[in-house]
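Subject: Handing over a structure

Dear colleague,

I am passing a structure on to you, and below it I have set down what was found when I went through it. Please keep it open while you read.

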Amino acid sequence: MTTEKRTASRPRVTVVVVSRNRRHDLERSLPRHEGPVILLDNGSTDGSVEMARRRLSHVRTVDLGHNLGAPARNLGVRLAETPYVAFADDDSWWAEGALERAADVLDSHPRLAVLAGRVLVGPEQRPDPICAEMAACPLGAEPDLPGPSVLGFMACGAVVRREAYLAAGGFDDVVFFFGEEERLALDLAAAGWGLAYVEAVVAHHHPSPARDPQGRRALAARNAILTAAMRRPWPVVARTVSSAARGGSAGWRGIQAAVRRLPAALASRQALPPRVETARRSLEAWGRRS
């Protein structure tokens, strides 16, 4: 782990955006990004690629041709030529000066792999509830990190150290999409990297009102089971399945979907080091008390 040296002429942060059929959101968000921008298009059919190439020449647009899910970000990180990468969704962007501030923090903290920023939601700029959770995280603040230690993050509010992200394998095909951050966070912590919440680094998120709450609950259940199967002890896996079953029809849909992906999850199963498993359990106990 080495501190990245700042140079006057070279950008330190690349913004990586993944999108699929969200042209109108991209038209609003892409011009707001500072520094190099890489757009990975997951097989859009709404003219997103053509729009970006025609109107946003500063954006490097990669047409993937089909939906790779969250792992599309891995290609963006590999293509980036900067030591740090900031993720954004098609409906999010970073506040002015936020990425320069993030780079300064990462420069000063060489063990920091993920800087989890403060996410402000909508035109009202309401802090996302996850921000309060990260700020109050009971894992404490390690002396070589810039804020409270965390074991999770929101991708659209995170800046990562490129070398650490790639060494941990990035996001995976098993989870594919939604909640993809947890397995990566656990693996980074297992490798000795730090993850911390830094309130001074701000991202804006204007989520589309066109959402499918039941579908998202099913995805959350599926991916919680798959992540547990890949990294957690078997009793934790059993409790995760039981929790999904108590979640009604969406939970059962999640269980059924997880079963189909279970062979792939088991093929990459690797137990966490005891210190990381202990930290994860302490977070779960804290969450239940809260």
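I begin with a single cysteine, C156, which at 4% relative accessibility counts as buried. Please bear in mind throughout that this is a predicted model, and that the values below are all computed from it.

C156 takes part in no disulfide, and the nearest cysteine sulfur, which belongs to C131, is 9.4 Å away. The other cysteine I looked at is C137, which is likewise buried, with a relative accessible area of 11%. Its closest cysteine sulfur is again in C131, at 13 Å, and this is too far for a bond. Since a disulfide requires two sulfur atoms within 2.5 Å of each other, neither distance comes into question, and the count for the model comes to zero disulfides.

Turning to the strands, I would start with β9, which covers residues 194-205. Ten of its twelve residues are buried, so this strand is largely enclosed by the rest of the structure. Strand β6, residues 112-121, runs parallel to β9 and is joined to it by nine bridges, and within this pairing L112 stands opposite G194. Strand β5, residues 92-94, is joined to β9 by three bridges, but here the two run antiparallel, and W94 has A203 of β9 as its bridge partner.

Another pairing is that of strand β2, residues 37-41, with strand β3, residues 59-63, which is parallel and extends over five bridges. One of the partnerships in it is between V37 and V59. Together with helix α2, residues 48-55, these two strands make a β-α-β unit, and the unit is right-handed.

Two helices are worth following from their buried residues outwards. In helix α4, which spans residues 98-108, the buried residues are A98, L99, A102, A103, V105, L106 and D107. These pack against several strands, namely β1, β4, β5, β6, β8 and β9, so that the enclosed strand β9 described above, with ten of its twelve residues buried, is among the elements that α4 meets. When you look at how such residues are spaced, it may help to recall that an α-helix has 3.6 residues a turn, so residues three or four places apart point the same way. In helix α3, residues 72-79, the buried residues are A72, R73, N74, G76 and V77, and what covers them includes β1, β2, β4 and α6.

The aromatic residues come next, and the count comes to four aromatic pairs. In one of them, F87 and Y165 form a tilted pair, with 5.5 Å from centre to centre and 55° between the planes. This pair links distant parts of the chain, given that F87 is in strand β4 and Y165 in helix α6, 78 residues apart. Both F87 and Y165 are buried. The rings of F177 and F178 have centres 6.2 Å apart and planes at 50°, so this pair too is tilted. Here, however, F177 counts as partly exposed at 40% relative accessibility, and F178 counts as partly exposed at 22%. F87 and Y165 also belong with F171 to one aromatic cluster.

Charged side chains meet some of these rings as well. R73, which is one of the buried residues of α3, lies over the face of F87, at 5.5 Å from the ring centre. Elsewhere, the charged end of R32 sits over the ring of W93, 4.2 Å from its centre.

Two further residues may serve you as places from which to explore. H33 is found in the loop between α1 and β2, and at 7% relative accessibility H33 counts as buried. Apart from its neighbours within four places in sequence, H33 is in contact with V15, V17, A88, S92, W93 and W94, and among these W93 is the residue whose ring lies under the charged end of R32.

V276, in turn, lies in helix α11, residues 274-289, and counts as buried at 3% relative accessibility. With its neighbours within four places in sequence left aside, V276 is in contact with L151, L186, A189 and A190. By contrast, the C-alpha atoms of V276 and S208 are separated by 35 Å, with the two positions 68 residues apart along the chain.

With best wishes

Notes: Residues are numbered from 1 along each chain as its sequence is written. This is a predicted model: local features need pLDDT of at least 70, side-chain atom pairs count only at pLDDT 80 or more; totals for chains, interfaces and linings use all residues. Side-chain values use heavy atoms; hydrogens and water are left out. Buried means under 20% relative accessible area, exposed over 50%, partly exposed in between (1.4 Å probe, protein chains only). Helices (H or I, at least four residues) and strands (E, at least two) are DSSP runs, numbered from the N terminus. Two strands pair if DSSP finds at least two bridges between them. A crossover is right-handed if, with the strands pointing away from the viewer, the path from the first strand over the helix to the second runs clockwise. Contact means heavy atoms within 4.5 Å. Rings of Phe, Tyr and Trp (its six-membered ring) pair if their centres lie within 6.5 Å; planes under 30 degrees apart count as stacked, over 60 as edge-to-face and the rest as tilted. A charge sits over a ring if NZ of Lys or CZ of Arg is within 6 Å of the ring centre and within 35 degrees of the ring normal.
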